[in-house]
Structure formats: structure tokens, C-alpha cells
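These are my notebook entries, written while I looked things up one after another. I kept them in the order in which I turned to each topic.

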Amino acid sequence: MKKLFWRRKKKNNDNRDKRLEDLLQKSKDFRSVSYKNPKTQISFTLSFIETLVDEKILHESALPKLLEEKFHRIEEVKDILPLSEVEITNDKDQIEQKLLNGSVLLTIDGDKETYCIFSAQKEIVRNVTLPEVEFSVLGPKEAFVESLKHNLNLIRRRLPMKELITEKLTVGNLSQTCVAILYIEGIVDMENVNTVRQRIKEIEFDEISDNSYILQMISDNSHSLFPQLLDSERPDRVAATLTEGKVAILVDGSPHALIAPTTLVECFSSFEDYLLNWTMASFIRLIRLFAISFSVLATPLYVATISYHYELIPEDLLGTLVASRGAIPFPPILEALFLELTIELLREAGARLPTKVGQTIGIVGGIVIGTASVEAGLTSNVLLIIIALAALASFTTPVYRIGNTIRLIRFPILIFAELWGLLGIFICLCFLMAHLLRLTSLGRPYLEPLYPPRQYDLRDSILRLPFTALYRRPQYLRPKRPMRFNERDLKKKKDIDE
Amino acid sequence: MVRLPKILTLFMFSAALSGCVEKSILDDIVLVNGLGFDYCDGVNIQATVVYPDYLPDQPPKDKTFTGRARMKKTVLQDISRQTTDPVVTGSINTVVFGRELAEKQGILDLVDSFHRDPRVGSTIFLGVIDGTAKEFLKGKYGIRSTGEHVAKIIEHNIKHEDLPRTNMQRFFSDYYQTGKTPFMPLLRKTEAGNVELTGISFFKYGKIADSIPAEKMFFFKLLSDKYSEGLHSVKTKEGEASVRDIRSSHNFSLLQQNPLKIRVKIKVNGIIDEFNGEELNPSTVKSVEKEFEKIIYEECMELISRFQEKEIDPIGFGQFAKTQIRNFDMENWLSTLYKDLSVDIKPKVTITETGVIE
């Protein structure tokens with residue numbers, strides 16, 4: 001990529017400095033104000049971008065001290081100011097960056113070489129709210145916000161340990177977005193951290209406005225429909241995965257964290273699974289698995305059996321199917337595509353509209369369009385039931401991204417079902433399986449523990465066994481300390497008559 | 001992206017090749033579920049198909065078509081000329097033959113074509129009709145379509161009554177098994193317009209050789225099938241009891257060669273459903289057991305001598321002998337050896353329950 005950005009040029013400092021001044025002068029929110037200290041008669045200038053600076057800090061903490069205390073040289077200012085981030089520097093790169101992040105530049109008349117820069121950043125952050133994408137009935141109700149500082153606070157509070165390392169990187173040639181990589185040293189496999197760090201460092205893009213950018217850029221296969229990094233808005237989930245030995249990536253300005261590496265089965269697990277009794281949690285996971293396969297296969301199977309394999313239909317069902325299809329003027333595939341597209345339209349309309357209108361759309365679409373199209377004889381009511389159930393089932397996915405994946409992979413399977421019947425469905429599933437087998441997340445197999453089969457990891461995949469059975473951290477992460485606790489140390493519970 | 005053109009070509013090929021797959025959309029085909037064959041003039045056969053015309057919110061209306069030709073497939077072609085949609089065979093579940101056809105012409109060639117058709121399941125039911133198949137299939141029985149109705153009758157009689165297990169698979173298994181005679185249930189349309197299971201017909205070289213009435217089916221099932229569930233009344237001095245058989249098993253053992261002697265042990269566990277005598281005490285139960293054993297012995301012996309007379313072997317003594325005797329002379333089995341066979345029947349009846357009244 002051609003370097004088009006002026007701030008990258010290291011030479012001709014004066015020239016560049018001038019340009020900085022010139023450019024800033026053009027902005028109406030740039031201020032440069034001069035004051036005179038009444039005690040030492042020293043004039044000083046404060047330069048800052050008005051919209052980025054918290055005036056409260058400036059007027060209540062900084063200015064009174066600067067005007068009342070004695071100082072002659074710029075170095076003395078550091079002792080006067082009651083702020084944590086005060087720096088004396090002459091590095092123009094640093095000055096520029098800080099100025100643009102909401103710091104105030106202090107210069108003393110007569111000393112053009114050294115500058116004092118102190119932070120008076122105004123932070124506009126919304127409150128910590130309920131998780132919306134990964135809502136759970138039980139458990140903590142905190143979700144990440146758009147500020148990196150706040151998000152780190154949410155995680156650090158849960159893991160008060162010195163081994164929790166926070167590395168910071170800056171990506172985005174224009175946006176200079178701050179990205180933090182979190183991991184627990186001593187548990188995490190450093191290879192994963194190095195991979196993440198290297199891939200993030202190599203990002204060349206002008207603006208990184210959300211973690212989704214990073215997700216797409218550092219995925220092993222960015223063409224794949226399957227998310228190879230998990231994103232979560234729950235600090236509790238992120239903290240829990242960090243202790244497993246995973247790496248978390250937080251992006252300033254994004255209310256989601258990325259978790260890597262991940263597997264396909266993890267995409268179908270919700271954090272609430274760990275809050276419920278293990279039997280209940282396993283049951284819910286199985287239900288989800290069923291829902292997903294139903295959602296992907298129901299309509300294609302309908303089309304395939306109706307068009308090709310009438311002999312597979314049980315006799316008692318034949319009457320119902322034939323009678324409901326009898327008056328429909330379209331072949332099964334058109335009928336199915338028509339309804340599938342309707343559902344997709346409703347979803348998209350519901351997602352784009354404000355919440356209240358969105359609900360109305362759902363009701364209008366679901367009830368009115370569905371019933372009307374059956375009454376008009378455009379679709380059969382059996383198919384309407386199947387499609388509605390399939391759509392409902394696809395909403396059971398706890399991870400939003402995998403829900404989208406399922407939404408899309410139905411269509412090729414549907415078309416192949418029309419072309420070749422059951423054979424077509426299986427050809428499609430073979431392609432899907434081949435793709436999933438090749439997929440990796442940070443180089444770790446995506447289908448683990450199903451393939452390669454890892455007996456231990458199965459305990460927390462399709463099922464969720466009790467915590468006493470989960471004495472090891474997931475094997476595919478290759479954690480430095482593989483044991484959570486020693487199972488031999490488990491104390492036996494006393495029986496009631498002992 | 002080198003792979004994209006490849007994938008596109010693949011897709012184009014698959015789209016083009018899909019034209020080679022034969023499509024049969026459910027509502028654009030004639031889903032035949034019952035098929036009947038009748039004797040017509042010795043050369044041609046007459047076939048009748050019955051298919052349900054499914055209508056919304058009401059029971060299916062049966063429609064029948066009849067055609068004549070030399071072979072089954074050509075008959076279907078003849079019938080296709082009369083129907084609006086193509087006739088498909090995939091949902092057939094009952095095939096019946098008129099008695100005249102089964103006696104005069106044989107049915108093997110006709111069944112064979114079903115055996116070859118991959119769309120037709122091997123668990124379809126075959127049956128012989130007392131009368132003509134055409135008349136039988138034209139009847140309207142119950143809310144189900146005729147083919148299904150007949151299949152249900154046969155199925156539940158196998159499961160809960162005394163019809164031995166039978167379907168096309170078993171028919172052919174018996175047919176190709178040397179030393180065993182295949183059989184089919186015998187059905188008829190009653191005057192009141194219902195279907196009735198009237199007995200079992202035995203086939204020799206594809207033609208009916210003998211048939212037994214429904215009352216004898218219980219004993220035939222005891223001899224030929226593992227599990228028999230049927231009701232039988234037993235008269236004793238103390239009163240008449242009806243015994244429901246809940247479990248039965250039979251066991252063959254070879255006692256002697258030249259002439260052959262085979263012992264058949266029949267174990268029956270039953271419960272007394274009904275008793276019209278004075279009191280049902282252990283000694284009466286004993287006498288019911290004894291009496292029932294006597295009935296089983298007599299009836300089974302009668303059945304076996306009847307089969308020997310007609311030179312058919314539906315119980316499979318020949319097959320049993322073949323497994324026991326090295327170099328068994330299968331060629332002369334039915335003609336000579338079978339006639340000299342003596343069978344010793346040892347029934348053992350146990351009444352396990354007499355009901356809740358004490």
C-alpha cells in the first residue's frame with residue numbers, strides 16, 4: 001500500500017511542524033490562549049482542541065495552579081499540576097498525537113524547544129448497560145461499552161491478577177485506533193499471542209472503527225462464512241475464556257471483544273450454559289444443535305422429498321401433503337424460495353427499523369403475509385409451518401454471527417435439493433464438511449473436538465458436564481498449565497449417614 | 001482467485017446435469033397404492049390399479065383404472081393412457097391376485113417385476129382374492145384408501161392375531177428356499193362390503209396348491225412362526241375356556257433318518273380370558289392345559305398330513321432336514337421322502353394367568 005500519510009515522514013521536522021500549526025489553525029475548534037503568571041511574570045500559551053478537552057479539568061485543576069504557583073522553567077510545571085499524565089517532551093510526533101487525543105499543550109514564551117503536555121481528555125461514554133445480543137436471564141448483566149478504558153476495567157475487576165497482561169497496539173493509518181490484546185501469562189500459549197499480535201500489527205487500513213474490521217482482517221480464511229473469532233459483549237464471558245488460555249482483543253470504540261482461538265461448537269454455546277445445572281445446560285445445547293440442523297435441512301428436505309422421493313413419505317402423511325400442495329400453481333422450489341425470501345425480508349426489515357416499528361413488522365409479516373399467501377393459494381400451509389419453524393430455530397444460536405451463517409447456507413442446499421434431490425443435499429453437505437475440516441482459527445482446527453477427535457474436550461462441547469469433570473483446560477489451546485485443578489484432590493462429599 | 005472459475009464450471013455442470021434426474025413432484029403423479037391382477041383370456045392379464053385422489057379437508061376418494069396387456073409393465077402403460085398424470089409404483093403397499101389367475105396362470109412373473117423395481121419396497125403385502133381383484137379393489141372400505149386399508153388389515157392380523165408373518169420379502173425368501181412352500185393370505189370382499197381375511201393359500205410353482213381356512217391359521221402359525229398371539233376356545237368337562245396365547249415357540253429336532261422322523265416341541269404360554277364353568281381352580285386350569293395340548297396335537301397333525309397329501313411343505317421340514325443331514329436328497333424330497341416323514345408333536349401349554357377375579 002502506498003504511504004499517503006504525511007505524519008509518517010520523519011524528516012523535515014520544522015516544515016512538518018509548521019504544517020501541523022497551519023492545519024490546526026484551519027479547524028475552528030482549535031484554541032491557543034496566552035496567559036501571564038502574575039507572580040513570575042512569565043507568559044505561557046495553552047493550545048488544545050476545544051471539542052476534545054474537558055474544560056472542567058482545565059479551568060478547575062490546571063489553570064488556577066498555573067496562575068497562582070511560582071514557576072520559571074517548563075520543567076517546574078510538572079510539579080505544580082495536580083494531574084497524573086503530565087509530560088515534558090520535545091518529540092513532535094508524540095505531541096501531535098496527544099494533542100489530537102485531547103491533551104493540552106503548554107509552551108512558555110522564550111522556550112520554543114521543550115513542551116509540556118498534560119491530559120485533559122473529555123470522555124463521552126454511555127453507561128454500562130444490559131447485554132443485548134447475548135442476553136441471559138441469570139448471571140451478571142454488564143455489557144461492554146465503547147470505551148477501551150471502561151472495558152478493561154470490567155475485565156480487570158473480574159481477574160485481579162498480575163499475570164493478566166494488557167498489550168496495546170495502534171492500528172488504522174488514519175484512525176489510530178487503540179487495540180488491546182489481553183491474555184493471562186503462564187496459562188496462554190504464547191504462540192497464539194504472537195500470532196494475534198503479528199496479524200494486528202500488519203493491518204494496513206485507514207480506519208478501524210469496530211472489532212468486526214479486525215475480525216475480518218485477521219481471520220485465517222476471510223472468505224469463509226464461519227466466524228473464526230468469537231465476539232462477545234459480556235465481560236464475564238471474556239474473563240472466563242481468558243482463564244481457559246484464550247486471547248482476547250479489545251478495540252477502542254467497540255462494545256465487543258474478540259476471543260481467539262475458537263471452535264465451531266463454541267459458537268453454539270452461550271455463557272448461560274455455565275450458569276445452569278449441567279444436565280439442563282447439556283439439554284439446552286442438544287436442543288440448539290437440533291434446532292440448527294432443522295433450520296438448515298428442513299426446507300431442502302421438504303423440496304427434495306416432494307420433488308423426487310415421494311416413496312419416502314409415510315402413507316398417513318401423503319394425504320396431508322398432497323391435499324395442501326394440490327392447488328399450488330408453483331413447483332416446490334419456487335414456493336419454498338418465495339417463503340424463504342419473505343422471511344429474509346422480514347428479518348432485514350425488522351433489523352433496520354427502530355425497535356418498536358420492528359416488532360410490528362414481525363407481527364404483520366408473520367401473521368398477515370403468511371396467512372394471506374396460504375389463502376391466496378400461493379404456498380402450502382405445510383411449507384409455511386416448516387419455514388416458520390426453521391426461521392424460529394435459527395434464532396436459537398447464541399452467537400449472532402453464526403446465526404447469519406446459517407441464514408445463508410440454507411440457500412445453496414435448497415437449490416441443490418431442487419437440482420438433485422437428496423443426493424444434492426448430501427453433495428452440498430460434503431462441500432460444507434470439507435470446508436469446515438480445512439478451516440482453522442489461529443491455526444487451531446475449527447472442528448475440534450469432533451475432528452480431530454479429542455475425548456476430553458467433548459466434555460464441554462455438545463454437552464456441558466459438571467465442573468468437577470472439567471478439571472482440564474481445553475486441549476486445543478495448548479495451555480501452559482493444562483490443569484484447572486487436580487481431580488485427585490477432590491474431596492468426596494459426606495453421605496447423610498456418615 | 002483461481003478457484004472461482006472452477007467452482008462456477010462445477011455449478012454450471014451440476015445445473016445442466018440435473019436435467020438427467022427424473023423428477024416426480026408429489027401432486028403431479030398418480031400414487032398407486034393397490035394393484036390387482038385378474039385372469040382374462042389365458043394370454044393377456046387384466047390389471048386394476050387403485051389410487052387415492054387426495055382432496056383438502058376430506059377423506060381421499062379412491063379411483064380405479066383397469067387395463068389389459070401381456071405383462072405387468074405394459075399393463076401400466078395401458079392404464080397410463082387413461083390417467084392425467086404418470087402412474088408411479090413407489091407407494092404401492094398391496095398387490096392382490098384374483099383366485100382364478102393364481103390357480104390357472106400362476107403369479108410368479110407378475111410378482112417378479114415388483115421384485116426388480118427399486119422404487120417398490122420389499123415389505124409390500126401380497127394376497128389372493130376369493131373372487132376377482134377388480135371387484136375387490138373397487139370396493140370402498142373405511143376412510144382410508146383401499147390399498148392402505150388392506151395393508152392395515154394384514155399388518156394388524158400379523159401383529160395381534162394368528163396370521164403368520166408375510167410380505168413380499170418373505171414370500172420370495174420361502175420361494176427361493178429349497179424345501180419350503182411360500183404362502184399368501186387369502187382375502188375376500190364380504191356381502192356387506194367389507195374386507196375379510198379368510199385363510200391362507202399355499203403356492204406350488206407359482207400356482208395355488210391348497211388353502212386353509214382362518215380357523216386353522218392359529219395352528220399353522222404355531223408350527224411356522226415364532227410368535228403367535230391368538231384366541232382359542234377349549235372345551236373341558238368343567239366348562240368352556242377361551243385361552244389367549246401370549247407367547248409361543250416351536251423347536252424342531254431330528255429323531256431318525258430313513259424314514260425321517262422329526263419331533264416338534266411347541267411351547268405355548270397363555271392366559272385364560274373367559275371361562276363359563278363353575279370355578280376356576282388349579283385343577284381346572286390343569287385340565288384346560290391338558291385339553292388345549294390335545295387340541296394342538298390333533299390339529300397340527302391334521303395340518304401336516306394334509307400338507308403331505310398335497311405335496312407342499314410350508315412349515316419347512318425339508319429346509320430343516322437339509323440343515324441336519326449331509327447330502328440330503330432334495331430332488332426327491334417332495335415326491336417321495338416327504339410322504340414317509342413322520343412328525344411327532346409335543347405341545348406344552350402353560351397357563352400363566354387367569355384374570356383378576358379370585
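**Entry on strand pairing in chain A.** I began at I88(A), which stands opposite C116(A) in β5(A). This is a predicted model, and I read the pairing with that in mind. The two strands concerned are β3 (residues 86–89) and β5 (residues 111–119) of chain A, and they pair in the antiparallel sense over 4 bridges. I then looked up the other pairing of β5(A) and found that strand β4 (residues 103–108) of chain A is joined to β5(A) by 5 bridges, again with an antiparallel run. Here C116(A) came up once more, as the bridge partner of L106(A). Between β4(A) and β5(A) the hairpin has 2 residues, and in that hairpin G110(A) takes a positive phi near 100°.

**Entry on positive phi outside glycine.** I next looked for residues other than glycine with a positive phi, and noted Q41(A), where phi is about 60°. Q41(A) has its place in the loop between β1 and β2 of chain A. In chain B I noted N258(B), which is not a glycine either and has a phi near 45°. That residue sits in the loop between β12 (240–256) and β13 (261–275) of chain B. Is N258(B) buried or exposed? With a relative accessible area of 68%, N258(B) is exposed.

**Entry on cis peptide bonds.** I checked omega and wrote down a cis peptide bond between A260(A) and P261(A), with omega about -10°. P261(A) belongs to the loop between β10 (257–260) and α9 of chain A. Another cis bond joins E448(A) and P449(A), with omega about 5°, and P449(A) is in the segment after β12 of chain A.

**Entry on the segment after β12 of chain A.** I stayed with this segment, β12 being residues 444–445, since E498(A) is found there too. E498(A) has a relative accessible area of 69% and is exposed. I also compared the positions of E498(A) and R484(A), which are 14 residues apart along the chain, and found their C-alpha atoms separated by 30 Å.

**Entry on salt bridges.** How many salt bridges does the structure hold over all chains? The count I have is 50. As background, I reminded myself that side chains of opposite charge can pair when their charged atoms come close.

I looked at E50(A) and R31(A), which form a salt bridge whose closest N and O atoms are 3.4 Å apart. E50(A) lies in the loop between β2 (43–49) and α2 (55–68) of chain A, while R31(A) lies in strand β1 (residues 30–36), so the pair ties together parts that are 19 residues apart in sequence. E50(A) is partly exposed at 26% relative accessible area, and R31(A), at 32%, counts as partly exposed as well.

I then turned to D273(A) and R285(A), whose closest N and O atoms are 2.7 Å apart in their salt bridge. Because D273(A) is in the loop between α9 (264–267) and α10 (278–307) of chain A and R285(A) is in helix α10, this pair ties together parts 12 residues apart in sequence. Both D273(A) and R285(A) are buried.

In chain B I looked up K216(B) and E302(B), a salt bridge with its closest N and O atoms 3.2 Å apart. K216(B) is in the loop between β10 (207–213) and α8 (217–224) of chain B, and E302(B) is in helix α9 (residues 282–310), so the parts tied together here are 86 residues apart in sequence. K216(B) counts as buried at 16% relative accessibility, whereas E302(B), at 44%, counts as partly exposed. I also noted one network, in which salt bridges that share partners join E340(A), E344(A), E348(A), R352(A), R407(A) and R410(A).

**Entry on chain B as a whole.** Last, I collected the overall values for chain B, whose secondary structure comes to 11 helices and 14 strands. Along its principal axes the C-alpha trace spans about 85 × 60 × 55 Å. Of the 358 residues of chain B, 49% count as buried. Among contacts in chain B between residues at least 6 apart in sequence, I noted that 63% join residues at least 24 apart. Chain B exposes about 18100 Å², and carbon and sulfur atoms supply 50% of that area. The chain has 48 positive and 50 negative charges, and the mean positions of these two sets are 6 Å apart.

Note on methods: Residues are numbered from 1 along each chain as its sequence is written. Chains are lettered from A and ligands numbered from 1 in the order in which they are written. This is a predicted model: local features need pLDDT of at least 70, side-chain atom pairs count only at pLDDT 80 or more; totals for chains, interfaces and linings use all residues. Side-chain values use heavy atoms; hydrogens and water are left out. Buried means under 20% relative accessible area, exposed over 50%, partly exposed in between (1.4 Å probe, protein chains only). Contact means heavy atoms within 4.5 Å. Accessible areas come from the Shrake-Rupley method with a 1.4 Å probe; for residues, only the protein chains shown count as cover. Lys and Arg count as positive and Asp and Glu as negative; His and the chain ends are not counted. The place of a charge is taken as NZ of Lys, CZ of Arg, CG of Asp or CD of Glu. A salt bridge is a side-chain nitrogen of Lys or Arg within 4 Å of a carboxyl oxygen of Asp or Glu. Two strands pair if DSSP finds at least two bridges between them.
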